[in-house]
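Student: Could you take me through one part of this model in detail? I would like to see how a single helix sits among its neighbours.

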Amino acid sequence: MAEHADDATHKPETMMEKIADKLHIGGDHSSSSSSSDSDNDERPRPSAPPAPAAPAASEVTTASFADSASAAAADAKDKMFRLFGREQPIHKVLGGGKPADVFMWRNKNISAGVLGGATAVWIIFELLGYHLLAFLCHGLIFSLGVLFLWSNASSFINKSPPQIPEVIIPEDLVLNIALSTRHEINRAFANLRQIALGRDIKKFLIVIAGLWLLSILGSCCNFLTLIYIVFVVLHTVPVLYEKYEDHIDSYGEKGWIEVKKQYAVFDAKVLSKVPRGPLKDKKN
């Protein structure tokens with residue numbers, strides 16, 4: 001009987017123990033889930049990509065300083081001393097267009113051909129002693145003879161006759177050349193008149209010096225050689241000047257300053273004492 005009583009007392013205890021164990025396991029599970037939630041909350045979340053940084057103030061200042069420096073350099077270059085007071089590139093000073101392209105060697109083949117042709121003409125007339133009229137007559141004789149024989153012999157040799165183009169000088173071209181020449185001659189006469197009236201001594205001295213230099217060149221060589229020298233100068237000097245423009249202008253500025261100083265001294269000692277003509281023409 002005593003054994004049965006002990007078993008009865010142990011059974012409720014075991015049942016209570018099982019219930020307590022189950023409660024304990026559930027608490028552990030909930031605590032573990034809560035701890036896992038808390039762990040998930042404590043995990044670092046991925047941060048958003050950083051916004052692009054604004055340019056620093058020093059970089060903006062440097063860029064603005066570079067722009068202002070480049071603008072100042074461009075202005076200084078524009079205000080730099082240029083020979084003869086020109087304000088345009090040398091290509092436009094020569095008139096632009098195809099003649100300026102030839103003088104500036106924009107197309108080397110054409111420029112070399114023109115210069116070579118001028119050299120051949122100078123050699124024919126100057127070194128070989130050919131005269132212009134004789135050269136033109138001999139050239140026409142040879143050309144007309146060849147074309148005449150070719151035209152008459154084409155029917156015998158079964159070849160087409162030469163295609164001789166028809167050359168017609170347009171009236172507008174002749175009128176434009178005549179008007180331009182007339183304008184330049186009238187302007188030259190007006191300048192000579194102003195110089196002869198004694199109103200501009202500086203221009204008078206420049207013209208006298210230029211004519212004196214031309215007389216020296218004319219005594220050294222004939223007219224054809226002078227024209228050839230001018231032609232060669234036009235084909236060489238502008239190209240070299242365009243290549244070394246800044247260096248030549250700097251030396252030219254120094255020389256021009258020295259010329260102005262000497263002219264001021266000459267004006268104070270000589271020109272200021274020379275009587276000048278009337279400033280205006282007398283009205284009739």
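Tutor: Happy to; here is a close look at helix α9. This is a predicted model, where local features need pLDDT of at least 70, side-chain atom pairs count only at pLDDT 80 or more, and totals for chains, interfaces and linings use all residues. Residues are numbered from 1 along each chain as its sequence is written, and side-chain values use heavy atoms, with hydrogens and water left out.

Helix α9 covers residues 223–243; helices here are DSSP runs (H or I, at least four residues), numbered from the N terminus. Its 21 residues should span 30 Å at 1.5 Å a residue, and the end C-alpha atoms are 31 Å apart, which agrees; the expected span is 1.5 Å times one less than the number of residues. At valine 233, α9 bends by about 30°, the bend being the angle between axes fitted to the seven residues ending there and the seven starting there.

Thr225, Leu226, Tyr228, His235, Pro238 and Tyr241 of α9 are buried (under 20% relative accessible area, with exposed over 50% and partly exposed in between; 1.4 Å probe, protein chains only). These buried residues pack against α3, α4, α5, α8 and α10, where contact means heavy atoms within 4.5 Å.

Glutamate 242 forms a salt bridge with arginine 106, at 3.3 Å from N to O (a side-chain nitrogen of Lys or Arg within 4 Å of a carboxyl oxygen of Asp or Glu). Arginine 106 lies in the loop between α4 and α5 and glutamate 242 in α9, so the pair ties together parts 136 residues apart in sequence. Glutamate 242 is partly exposed, at 34% relative accessibility, and arginine 106 is partly exposed too, at 44%.

Technical notes: Helices (H or I, at least four residues) and strands (E, at least two) are DSSP runs, numbered from the N terminus.
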